[in-house]
Amino acid sequence: MNERIKSSFDNIRAEEELKEKTSRYVAARIEKRRPGFMAVRLAPMLACLALVILVGGWAWFSPSATISVDINPSLELGVNRFDKVVQVVGWNEDGRELASSLDLKYMDYDKALEQIMGSEEISSLLSGDGVMTVAVVGDNEAQCGRLLSGVRSCTAGQGNAYCYSASEEELEEAHSLGLSYGKYRAYLELTQAGGQLSPDQVRDMSMREIRDMIESLSGETESGSGQVHVPGSGQGQGQGQGSGQGKGPAWARSSGDEN
Amino acid sequence: MRSEYEVNMAVERYADTVKRLCMVHLKNTADTEDIFQTVFLKYALSSAEFESREHEKAWFIRVTINACKDLLKSFFRSRTVPLDELAELPAELSDDNREVLEAVLSLPDKYKEAVYLHYYEDYTAPEIGKILGKNVNTVYTLLNRARQMLREKLGGDGDE
């Protein structure tokens with residue numbers, strides 16, 4: 001009986017088709033479980049995610065425009081394309097002090113500006129005889145226009161505040177001299193008017209001092225015209241400030257010419 | 001986890017054994033396919049180290065028998081598959097082979113697997129006890145009883 005059972009079972013064999021099917025099934029299943037399998041599927045997704053984060057991070061953290069605030073403290077706010085402050089740089093001693101005393105990062109630019117103007121130092125300067133200039137610098141015209149009008153409405157209550165816009169190249173020149181844009185502008189005005197001061201000297205002067213100096217230098221050539229000539233859209237709201245001399249600030253007058 | 005190559009080698013080596021065990025326990029080819037997939041996938045995912053071919057073969061036998069029993073135990077199957085039906089046998093069998101297989105497969109489950117392991121795979125009673133997780137004496141009893149039944153069915157000379 002042993003032999004009969006043996007030979008009977010010997011005739012039972014797995015069909016090739018069954019073997020192949022099983023091999024294929026198992027191969028497919030272990031392929032899915034291999035650690036590399038998930039990595040291969042996830043890699044493109046992760047790459048996309050990384051790209052989105054990189055581009056988003058870059059868009060968020062790179063300033064697309066700069067707002068330069070100068071009174072005596074010179075301060076520049078880097079503003080990203082979402083109009084948030086992402087960079088605060090002080091360009092002289094007072095500016096650095098002011099920058100470190102205020103926490104302006106990631107605020108809306110107008111809120112940041114309000115906070116600067118509301119700070120004790122600035123508000124006392126403004127209510128005194130201080131002159132404030134706010135320059136909007138950037139190559140994105142739409143954003144600069146938006147920022148400029150926002151800046152103007154912020155400073156609307158201030159008689160001694162002046163706003164204008166400028167291009168990125170000018171900003172670079174200013175930085176190469178170690179000046180904030182507002183100071184650089186005033187420095188150019190001063191030089192043009194015949195002033196002999198170096199950028200280093202200008203850096204720590206207040207805007208009022210520079211302005212007074214420009215005025216005294218150009219006073220001889222200026223006739224009291226009673227009103228400020230404002231060319232160009234980038235021009236600030238140079239207010240005549242009713243000073244009896246009937247003369248607007250000379251540096252504010254020429255400031256719109258790049259637009 | 002084992003490589004595709006290892007799995008294919010194992011399929012070549014043990015497919016016939018698994019197929020015979022399936023025939024002993026199951027009645028249709030769809031279930032056999034299920035068992036093949038279960039058993040060889042388990043092998044592929046298992047990290048068990050085998051000391052020898054015999055050890056490996058015993059592992060396959062045990063896993064296959066368990067898989068068959070699990071399949072039969074499922075509630076759904078117990079309600080949907082007729083109980084007293086013989087497995088389909090290959091058409092090309094000789095009359096004698098067919099007679100013997102039908103006799104073996106008509107035995108109750110616990111005798112069938114003991115008969116298969118003892119007469120075909122040449123396992124001793126203690127080895128069968130180990131594989132099936134049964135007492136050695138139980139295995140002796142099963143084998144004796146099976147031998148008697150087969151003799152009745154097939155007539156013949158009896159054996160050792």
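**Reading helices, strands and a contact**

Mentor: Let's start inside helix α9(A): Y181(A), G182(A), K183(A), Y184(A), R185(A), A186(A), Y187(A), E189(A) and L190(A) are buried there. Keep in mind as we go that this is a predicted model.

Trainee: That's quite a list! How many of the residues of α9(A) are buried, and what does that tell me?

Mentor: Count the buried residues against the whole helix. Here 9 of the 12 are buried, so α9(A) is largely enclosed by the rest of the structure.

Trainee: What span should α9(A) have, and how far apart are its end C-alpha atoms?

Mentor: Use 1.5 Å a residue: α9(A), residues 181-192, has 12 residues and should span 16 Å. The end C-alpha atoms are 16 Å apart, which agrees. While you're there, look just after the helix, where G194(A) takes a positive phi of about 105 degrees.

Trainee: Let's try another helix. Which residues of α1(A) are buried?

Mentor: Here's the general idea first. An α-helix has 3.6 residues a turn, so residues three or four places apart point the same way. Now the case at hand: R4(A), I5(A), S8(A) and F9(A) are the buried residues of α1(A). They cover an arc of only 125 degrees around the axis, which puts them on the same side of the helix.

Trainee: And which exposed residues sit on the face of α1(A) turned away from the buried side?

Mentor: That face carries N2(A), E3(A) and D10(A).

Trainee: What covers the buried residues of α1(A)?

Mentor: Look across to the other chain. The cover includes α1 (4-25), α5 (95-105) and α6 (109-120) of chain B.

Trainee: So there's a contact to read. How many residues does the contact take from chain A and from chain B?

Mentor: It takes 23 residues from chain A and 33 residues from chain B. On the chain A side, α1 (2-10) and α2 (16-33) each supply at least two residues. α2(A) gives the most, with 11 residues. Sorted by class, the chain A side has 10 nonpolar, 6 polar and 7 charged residues.

Trainee: How many helices and strands does chain B have?

Mentor: Chain B has 8 helices and 0 strands. Of its 160 residues, 32% are buried. Now take the contacts in chain B with a separation of 6 or more: 63% of them join residues 24 or more positions apart.

Trainee: Back to chain A, then. How many residues of strand β1 of chain A are buried?

Mentor: For a strand, check each face in turn. In β1(A), residues 65-70, 6 of 6 are buried. One side has A65(A), I67(A) and V69(A), the other has T66(A), S68(A) and D70(A), and both faces are covered.

Trainee: In which sense do β1(A) and β2(A) pair, parallel or antiparallel?

Mentor: They pair antiparallel, over 6 bridges. The two form a hairpin with 3 residues between them. β1(A) also has 6 bridges to β4(A), residues 132-138, and that pair runs antiparallel. Find A65(A) on your screen: it stands opposite V79(A) in β2(A) and opposite G138(A) in β4(A).

Trainee: Where in chain A is confidence lowest, and where is it highest?

Mentor: The general rule is that where pLDDT is low, the predicted coordinates should not be read in detail. Chain A averages a pLDDT of 78, and 82% of its residues score at least 70. Confidence is lowest in helix α12(A), residues 250-253, at a mean of 44, and highest in strand β2(A), residues 74-79, at 89. Over residues 222-259 of chain A the pLDDT is below 50.

Technical notes: Residues numbered from 1 in each chain as written. Chains lettered and ligands numbered in written order. Predicted model: local features only at pLDDT ≥ 70, side-chain atom pairs only at ≥ 80, totals over all residues. Contact = placed C-beta atoms within 7 Å. Helix = DSSP H or I, 4+ residues; strand = E, 2+ residues; numbered from the N terminus. Nonpolar A, V, L, I, M, F, W, Y, C, P; charged D, E, K, R; others polar. Buried ≥ 20, exposed ≤ 12 C-beta atoms within 10 Å, placed from the backbone. pLDDT = per-residue confidence, 0-100. Arc of directions from axis to C-beta. Pairing = 2+ DSSP bridges. Expected span 1.5 Å × (residues − 1).
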